[in-house]
Amino acid sequence: MILSFDAPGDKSLSHRVLLLGPLAEGRSCLRGVSPCDDVRCTRRALEALGVRIEGEGDETLITGPARWRPPPGEIDCGNSGTTARLLLGLLSGLGLPAVLCGDASLSGRPMDRVVYPLQAMGARIRYLKEEDRLPVALEARRSGSLRSLRHRPRVASAQVKSSLLLAGLASAVPVEVIEPTPTRDHTERLLQEMGAPLSVARMPGGGSAVALESMKHGPALRPLDLGVPGDFSAAASLLAAAWLGAGEVRVVRVGLNARRTGLLRAAAQMGARFEVGEEGVEAGEPMGTLRGSPSRLRASDVGGRLLVDLVDEVPVLAVLAARASGVSRIRGAAELRRKESDRLSTVAAGLQTVGVRCREHSDGLDIEGTDAPLAGVVRTGGDHRIAMAFGVLGAAPGCEITVDDPMCVSISYPGFWRDLERLAGRSGA
Ligand code: S3P
């Protein structure tokens with residue numbers, strides 16, 4: 001028998017529907033917004049700015065304010081880089097004064113990548129403690145007083161691209177973002193759903209240029225009325241558990257955007273058994289059912305563009321590599337050091353703790369697969385993706401692994417342990 005799961009609503013898309021909904025004329029109606037902590041941070045921030053958000057889960061209704069208001073206190077972005085970086089763009093575009101802060105992990109992550117281009121547009125943003133880090137203060141500006149921008153980010157980042165598009169949208173100035181390696185394009189797809197004047201041109205060499213025209217004289221944005229597809233990153237944990245022997249799974253209504261599903265390409269190279277059934281389009285995104293079953297895995301090399309399409313799945317890829325025959329090499333992953341934890345170090349330390357040979361490089365890992373029993377307590381560094389990856393490895397036959405901070409999974413996937421137990425418990429792992 002195959003076990004069936006519903007993944008929680010996609011986290012990236014949930015942030016974006018909450019941020020874009022209030023910019024439309026009329027009320028947006030959203031089904032399946034993620035209940036995770038990160039998305040709650042975005043919701044609270046928007047409510048502090050006067051956005052009306054009613055309901056959750058089955059139906060969330062969003063109405064933009066007649067007049068955006070400065071937040072009454074600091075905006076706490078918690079652990080969420082997407083909240084901080086995308087809000088910086090929105091607030092800059094609206095010209096609202098605000099102070100943004102975050103938890104210890106987020107306060108150690110770089111902000112120059114959005115602050116510099118926003119300053120080039122004319123936003124006044126100051127670091128309050130340390131350069132390149134939260135907390136930051138934005139000064140009030142007349143709404144609509146930003147300049148247009150053409151920007152080529154130095155790192156492949158959907159957060160940077162989305163932040164600049166939000167700034168352009170909210171201040172009605174054109175913005176063009178040129179990406180040598182295209183990143184997840186959820187913002188672009190939603191904006192097109194809403195009728196924004198946005199175009200995407202493919203460039204020679206595989207890059208793309210995303211151009212948003214000024215909304216000054218155009219028609220207003222249409223409100224959103226959609227269901228948020230399930231989170232591929234959450235589904236990836238369940239698939240990985242299946243591949244490692246926990247049992248057969250099916251995950252329904254999962255978002256299948258190619259800029260997110262790189263893990264499937266890497267897993268195919270490793271011999272993982274799965275099927276993808278595309279069943280339709282929701283929120284402008286392809287969506288469907290994923291099936292996975294226990295597989296004999298072999299080592300693989302992963303890097304280059306593929307890495308951008310599985311940027312959040314490197315921890316789970318690493319635990320797959322730990323159970324594959326041979327040495328897997330992950331390269332081109334230096335950005336992983338700037339996520340919720342230094343994910344190259346936390347993954348390497350976790351693998352070594354449970355008995356897997358792993359060598360850390362400046363931009364990647366070498367992982368020697370083993371079928372020996374693995375055991376130990378892994379330190380997550382409070383990083384949800386580390387907790388889930390080692391949870392998956394712990395559910396594999398022959399493994400006795402626990403993590404020091406299991407609750408941190410609520411940052412992106414509050415039901416993770418319940419779902420994993422349902423899957424792995426059945427197989428007697
Ligand atoms: C995200 C983009 C990615 C990803 C993050 C979510 C987004 O970060 O790692 O978890 O929703 O835009 P970068 O844009 O920094 O690559």
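Let's start in the middle of the second domain: the buried residues of helix H8 are covered by a set of elements that includes helix H7 (232-246), strand S15 (273-282), strand S16 (285-293), strand S17 (301-302), helix H9 (304-308) and helix H10 (314-322). Keep in mind that this is a predicted model. H8 itself spans residues 262-269, and its buried residues are Gly262, Leu263, Leu264, Ala266 and Ala267. After H8 comes Gly271, with a positive phi near 90 degrees.

Now pick up H10, one of the elements covering H8. Here 9 of the 9 residues are buried, so this helix is largely enclosed by the rest of the structure. Reading along it, you pass Val314, Pro315, Val316, Leu317, Ala318, Val319, Leu320, Ala321 and Ala322, each of them buried. Ala322 then takes you to Thr370, which also touches Arg323, Ala324 and Val356, leaving aside neighbours within four places in sequence. Thr370 sits in the loop between strand S20 (364-368) and strand S21 (374-378). To get a feel for distances, jump from Thr370 to Arg154: that's 216 residues in sequence and 37 Å from C-alpha to C-alpha.

Time to step back to the domains. The assignment splits the chain into domain 1 (9-171) and domain 2 (232-424), and their C-alpha centres are 29 Å apart. Domain 1 brings 16 residues to the contact, and domain 2 brings 15. Between them they bury about 1300 Å², with carbon and sulfur atoms giving 45% of that area. On the domain 1 side, Asp37, Asn79 and Arg109 lose the most area to domain 2, together 30% of what that side buries.

What holds charges across this interface? The rule finds 3 salt bridges between domain 1 and domain 2. Arg109 appears again in a salt bridge with Glu340, where the closest N and O atoms are 3.8 Å apart. There are also 6 residue pairs in polar contact across the interface. On the domain 1 side, helix H1 (11-20) and helix H2 (37-48) are the elements that give two or more residues. H1 has the largest share, with 3 residues. By type, that side divides into 6 nonpolar, 4 polar and 6 charged residues.

Staying in domain 1, have a look at Ser163 in helix H5 (residues 158-171). Ser163 has 0% relative accessibility, so it counts as buried. Its side chain reaches the backbone nitrogen of Gly89 at 3.3 Å. Beyond its neighbours within four places in sequence, Ser163 is in contact with Arg85, Leu86, Leu88, Gly89, Val114 and Leu118.

Finally, a few backbone oddities. Most residues other than glycine have a negative phi, and most peptide bonds are trans. Against that background, the bond from Leu134 to Pro135 is cis, with omega near 0 degrees; Pro135 belongs to the loop between strand S7 (125-127) and strand S8 (136-138). Arg253 has a positive phi, near 55 degrees, and its place is in strand S14 (residues 249-255). Ala283 is another non-glycine residue with a positive phi, about 60 degrees, this time in the loop between S15 and S16. Buried or partly exposed: where does Arg253 fall? At 37% relative accessibility, Arg253 counts as partly exposed, whereas Ala283 is buried, with a relative accessible area of 5%.

Conventions:
Residues numbered from 1 in each chain as written. Predicted model: local features only at pLDDT ≥ 70, side-chain atom pairs only at ≥ 80, totals over all residues. Heavy atoms only, no water. Helix = DSSP H or I, 4+ residues; strand = E, 2+ residues; numbered from the N terminus. Buried < 20%, exposed > 50% of the residue type's maximum accessible area, 1.4 Å probe, protein only. Polar contact = N/O pair within 3.5 Å; in protein donor to acceptor, adjacent residues only side chain to side chain. Contact = heavy atoms within 4.5 Å. Domains from an automatic or database assignment. Buried area = accessible area lost by both parts, 1.4 Å probe. Salt bridge = Lys/Arg side-chain N within 4 Å of Asp/Glu carboxyl O. Nonpolar A, V, L, I, M, F, W, Y, C, P; charged D, E, K, R; others polar.
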